[in-house]
Structures are given as C-alpha cells and as structure tokens.
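Thank you all for making time this morning. I would like to walk you through one protein, slowly, and I ask that you keep the picture in view while I talk.

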Amino acid sequence: MSTVIPSPTQSPTAAPAPTARPPRLLDWRLRFGLLSLIWGFSFLLIKVGTGAYAPFQVTLGRLLFGTLVLVAAMAVKRERLPRGGRTWAHLTVAAFFLNALPFSLFAFAELTIPSTLAGICNATSPLWGMAFSLVALSEDRPTRIRVAGLGLGFLGVLTVLGAWQGFHGLDARGTALALLASLSYPVGWIYVRRTLAGTTESHLSMTGAQLLLATAQLALVTPLFTTLPAHFPVLPLLAVAALGALGTGLAMLIQYGLVAEVGPTTAQMVTYFVPVIATVAGVTILGESLRWTTPVGAAVVIAGAALTQVRRKG
C-alpha cells in the first residue's frame, strides 16, 4: 500500500500527500511519539466515555469535536470545502467506512471487552488491508514474505483470543465488533483509492468534508437509538471531547504532516505502537487484567502486520 494504513482512531482521505514541506515547530520524531500516544490512549477514552454515555453518543461527540478542530484549521489556512457532487458522494461512502462505522463499532465493543483487547484488534487492520488489496488492487501483488506475514498475523489474533482454550472468558460479540471495526478501515481505504485518488483537493479540505459528513450521519442515527442523557458526568464528557479534539482532529493533522515530511512508510509505523500504548494504558490506569496470551499474541500480530508491508525492491 502506498499510504498510511488506517487504524480505528485514524481517518485517511483521498487527497495525495502534499509535496511542500513547511517548517515544523517540532521534530518529526516528537510528533510521531505524540501521535502514537494520542491514538494509543483513544481506546481508554472510549472506555471512559461509554461508562456514562451510549456508544452512538460517544461517537457523535467524537466526530463533532474532531470536525471543529478541522474546521478551525481550515479557517486558519483559508481553505474551502471540496466542490463537485461526485466528490461529495464518494466522500459520503468514505465517511461511513472510515469514521461513522468503525468509531461506532469500537464504542459498542468496549461495552463488553477491555480497552486493551480493542487496541490489539486495531492492529489487525493492516492484515485485512493486505488481504483485500490483493483482490481489489491490481498493483498489489503477493510475495512470500507478505503472505507469511498475513498468516503470522492471524495466528497472533488466535493467540490473543486463546483459541486453543476454546476462547474461554472471551466476549465473542464485543471481540467480533472490534475486529469488524478494524476491517472497515481497509474497505474504506480501498474505496477511496479507487474513486478519489486523482483528486486535486488538499488533505485538509478532504478530511474536513469527510468528518463533516460522518458527523451528519451520526446526527441522523443517534436520536433514533438513544435518548438525551438526564445527567452529563464531567469526566466521561471530557473523555469524549479529548477523543474527538485530540484523537480525531489533531491526530489527523499530525498524521498528514508526517506523511508529507517523512513519507507514508515511516508514518504508518505508528500503527504498531498503538496496541502497546493501549495495553499499558488499560492495565495501569483502568486496572484491566492481562493474560500472558495478550502481549504475546499482540507481538505476533504486530510482527505479521509489519511483514505485510514489505515491498519488492526495484
């Protein structure tokens, strides 16, 4: 793949990476670390948010705060939303698969599974992405190393889930939702690549429009399945705000800055740090339990995902 592999806390768009590299206030390594922390802690924030608010409400709040950050950035840079009905139609589909659907699935999943498990399920997104791209994208051809990585990655998933123990103590529904969320990203990414790869609009413009459409989608769905909360607990509300403003809005701005500066291959390595940080945060802050199969399986998943990104030289 030639762009950053999406994760459940990411939101890739179709615009090509900009060639201009304006001066940066922070070294790219510091921004890389910051992005890893933001996305890793997002699963903890989802867990805190769903402790008081319905999953759809958490997702709507996340998208709303994220959109506000992107709109503010667009205003500062004096950028406009993209034009053309075809572009907006494709972005509507992208917003569903890259934002509305996976964000909602992860919120529902964390009602019954630990944030640590959700973060590890996130790491399977590159595996799904490779499997789909081999079928949907003619330029992606399998190699022995990439196929081995795919097999190794899914072996790691089985290890995390404790397959040989009959998945004992595992909430099947929540885990399935988390895996579906990670699967949704490459579906959306491939759709974007096939329909909007040639757009001349900026990253910021496309991302802002995509989040705006995803927010509208959740704004239509949420009132149908939830009721307005009688109380608004402060800590979960702050968690939702941080999830949107930092984990969605600011993170996307950092992400595309990294892609422009150091290239997609280096930038996409953030994906491999996210489950590690999510696991540490869940165990140390939320007190979630950790079986030996979780870190071992997560390491295998990350190794497999890394192998799927190895390219032929020349």
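Let me begin with a term: by a salt bridge I mean a side-chain nitrogen of Lys or Arg within 4 Å of a carboxyl oxygen of Asp or Glu. With that in hand, I can say that the structure holds 2 salt bridges, and I should add at once that what you see is a predicted model.

Before we come to those pairs, here is the overall layout. The protein has 12 helices and 0 strands, and of its 314 residues 53% count as buried. If we take the contacts between residues at least 6 apart in sequence, 92% of them join residues at least 24 apart.

I will spend much of my time on helix α1, which covers residues 28-49. Its 22 residues, at 1.5 Å a residue, should span 32 Å, and the end C-alpha atoms are 30 Å apart, which agrees. The helix does have a kink of about 30°, centred on S42.

At the start of α1 we meet D27, where a side-chain oxygen reaches to within 2.9 Å of the backbone nitrogen of R29. The side chains of D27 and R29 also meet in a salt bridge, at 3.1 Å from N to O. As for their surroundings, D27 is partly exposed, because its relative accessible area is 37%, while R29 counts as exposed, at 52% relative accessibility, since the cut-off for exposed is over 50%.

The other pair is made by the side chains of E261 and R31, which meet in a salt bridge at 2.4 Å, N to O. Which parts of the protein does this pair tie together? E261 lies in helix α9, residues 234-262, and R31 in helix α1, so the pair links parts that are 230 residues apart in sequence. Here R31 is buried, with a relative accessible area of 9%, whereas E261 is partly exposed, at 23%.

Let me stay with α1 and turn to its packing. S36 lies in this helix and is buried, with a relative accessible area of 4%, the cut-off being under 20%. Where does the side chain of S36 reach? It comes to the backbone oxygen of F32, at 3.0 Å. Leaving aside neighbours within four places in sequence, S36 is in contact with V270, F273 and I277.

Beside S36 in the sequence we have L35, and it brings us to the largest nonpolar core, which has 45 residues and in which L35 and F106 touch the most other members. Helix α1 gives the most to this core, with 8 residues. A second, separate core of 22 residues includes F56, A100, A214 and L218. Coming back to L35, and again leaving aside neighbours within four places in sequence, this residue is in contact with A251, I254, Q255, L258 and V270. You may notice that V270 has now come up for L35 as well as for S36.

Finally, please look at R78, which is found in the loop between α2 (55-77) and α3 (85-109). Its phi is near 55°, a positive value in a residue other than glycine. Is R78 buried or exposed? At 77% relative accessibility, R78 counts as exposed.

That is where I will stop, and I am glad to go back to any of these places in the picture.

Methods
Residues are numbered from 1 along each chain as its sequence is written. This is a predicted model: local features need pLDDT of at least 70, side-chain atom pairs count only at pLDDT 80 or more; totals for chains, interfaces and linings use all residues. Side-chain values use heavy atoms; hydrogens and water are left out. Helices (H or I, at least four residues) and strands (E, at least two) are DSSP runs, numbered from the N terminus. The expected span of a helix is 1.5 Å times one less than its number of residues. The bend at a residue is the angle between axes fitted to the seven residues ending there and the seven starting there. A polar contact is a pair of N or O atoms within 3.5 Å; within protein, one must be able to donate a hydrogen and the other to accept it, and residues adjacent in sequence count only if both atoms are side-chain atoms. Buried means under 20% relative accessible area, exposed over 50%, partly exposed in between (1.4 Å probe, protein chains only). Contact means heavy atoms within 4.5 Å. A nonpolar core is a set of buried Ala, Val, Leu, Ile, Met, Phe, Trp, Tyr and Cys residues joined through side-chain atoms within 4.5 Å.
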